[in-house]
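Here are some notes on the structure you sent. They are numbered so that you can reply point by point.

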Amino acid sequence: MRPLSRWIPLTLDVPMRPLLILKTGQTQPSLRTQGEDFEDWIRHGLDGAATLTVDVTAGQPLPELSSCSGIVVTGSPAMVTDQAEWSERSAGYLRAALACSLPVLGICYGHQLLAHALGGVVGYHPQGREIGTVDIRLNAAHGGDALFAGLPARFPAHATHSQSVLQLPPGAVLLASSEHDAHHAFRVGQLAWGVQFHPEFDARIMRTYIQERQQDLRREGLDVEALLGQVRPTPEATRLLRDFARLARQGV
């Protein structure tokens with residue numbers, strides 16, 4: 001029998017539960033033809049975190065919440081106010097995720113869906129569309145926030161949306177605004193965030209959105225050339241994805 005002193009303890013590697021990317025729509029056709037979509041950019045921003053993508057618009061089943069370490073909800077060309085079956089089912093899933101303290105990050109449509117799921121009001125913005133690289137202003141509440149603490153008081157972020165969160169859910173903490181949109185970021189509880197801007201976008205993606213929608217933008221009285229000229233890198237916004245992955249790993 002081998003002496004106990006020579007035994008080597010066996011350590012089992014327990015795989016990290018993946019972050020669920022809840023896919024609620026597709027990006028612009030020209031970007032999809034290059035093999036890119038929301039989940040690809042989000043996955044890149046999550047900085048190597050294990051992920052599982054579920055396309056709820058295609059009827060793919062939602063996994064057991066216990067199998068995920070957190071949820072990121074993508075943007076979408078759909079409108080929350082249409083209350084599509086897949087969207088309302090996803091809203092119920094997000095309520096269940098919050099009930100079991102699972103970290104959630106909603107992006108653009110996901111931001112609006114999270115607000116809707118928790119009793120907020122979503123609708124078309126009275127001043128119309130917001131698109132391009134916009135200045136985000138943090139309010140005083142961000143200083144004690146696990147995700148937003150450490151960000152500068154103002155930073156650029158890419159945005160494209162016609163609907164907005166017009167009224168925050170009960171108990172939500174407002175974290176950030178833009179000149180156009182009062183509710184650009186909020187938190188509910190300690191583990192659920194909504195951001196109207198797109199932390200997964202880079203300048204190339206933002207320019208593509210402006211260029212592909214330029215006819216609509218001109219019709220709406222927007223200056224396409226000025227919008228394109230204002231597009232710039234958004235490193236502070238981008239870091240939110242990496243930081244969210246870190247929080248999910250830590251189980252904060």
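1. Helix 4 comes first. The model is a predicted one, and in it eight of the nine residues of helix 4 (residues 109–117) are buried, so the helix is largely enclosed by the rest of the structure. The buried residues are Tyr109, Gly110, His111, Gln112, Leu113, Leu114, Ala115 and Ala117. After helix 4 comes Gly119, which has a positive phi, near 100°.

2. On the other side of helix 4 in the sequence, Cys108 sits in the loop between strand 4 (104–107) and helix 4. Cys108 is not a glycine, yet its phi is positive, about 55°. Most residues other than glycine have a negative phi. With a relative accessibility of 5%, Cys108 counts as buried.

3. Gln83 belongs under the same heading. Its phi is positive at about 50°, and Gln83 is not a glycine either. The residue is placed in the loop between strand 3 and helix 3 (85–99). Is Gln83 buried or partly exposed? Its relative accessibility is 46%, so Gln83 counts as partly exposed.

4. Strand 1 (residues 19–23) is also largely enclosed by the rest of the structure, because five of its five residues are buried. The cover extends to both faces: Leu19, Ile21 and Lys23 are buried on one side, and Leu20 and Leu22 on the other. Note that Lys23 is in this buried set.

5. Which strands are joined to strand 1? Strand 2 (residues 51–55) runs parallel to strand 1 and is joined to it by five bridges. Strand 3 (residues 70–73) is likewise parallel to strand 1, with four bridges between them. Ile21 can serve as a reference point for both pairings: its bridge partner in strand 2 is Thr53, and in strand 3 Ile21 stands opposite Val72.

6. On aromatic contacts, the structure holds six aromatic pairs. One of them is formed by Phe38 and Trp41, edge-to-face, with 6.0 Å centre to centre and 90° between the planes. Phe38 and Trp41 are three residues apart in helix 2 (residues 38–45), so about one helical turn separates them. An α-helix has 3.6 residues a turn, so residues three or four places apart point the same way. Both partners are buried: Phe38 has a relative accessible area of 2%, and Trp41 has 8% relative accessibility.

7. Trp193 and Phe244 form another edge-to-face pair, at 6.2 Å centre to centre and 90° between the planes. This pair links distant parts of the chain, with Trp193 in strand 11 (residues 192–195) and Phe244 in helix 8 (residues 235–250), 51 residues apart. Trp193 is buried at 1% relative accessibility, and Phe244 is buried with a relative accessible area of 0%.

8. Phe38 and Trp41 come up again in a wider group. Together with Phe201 and Tyr209, they form one aromatic cluster.

9. Turning to charged side chains, the count comes to 14 salt bridges. One of them joins Glu220 and Arg129, at 2.7 Å from N to O. Glu220 lies in the loop between helix 6 (214–219) and helix 7 (224–230), and Arg129 in the loop between strand 5 (121–124) and strand 6 (130–138), so the pair ties together parts that are 91 residues apart in sequence. Which of the two is buried? Arg129 is buried, with a relative accessible area of 18%, under the 20% cut-off; Glu220 is partly exposed at 41%.

10. Arg218 forms a salt bridge with Glu225, and their closest N and O atoms are 2.9 Å apart. At 40% relative accessibility, Arg218 counts as partly exposed.

11. Arg242 and Asp243 meet in a salt bridge of 3.7 Å, N to O, and the cut-off for a salt bridge is 4 Å. Arg242 has 39% relative accessibility and counts as partly exposed, whereas Asp243, at 5%, counts as buried. Arg242 and Asp243 are also part of a network of salt bridges that includes Arg239 and Arg246.

How values were computed:
Residues are numbered from 1 along each chain as its sequence is written. This is a predicted model: local features need pLDDT of at least 70, side-chain atom pairs count only at pLDDT 80 or more; totals for chains, interfaces and linings use all residues. Side-chain values use heavy atoms; hydrogens and water are left out. Buried means under 20% relative accessible area, exposed over 50%, partly exposed in between (1.4 Å probe, protein chains only). Helices (H or I, at least four residues) and strands (E, at least two) are DSSP runs, numbered from the N terminus. Two strands pair if DSSP finds at least two bridges between them. Rings of Phe, Tyr and Trp (its six-membered ring) pair if their centres lie within 6.5 Å; planes under 30 degrees apart count as stacked, over 60 as edge-to-face and the rest as tilted.
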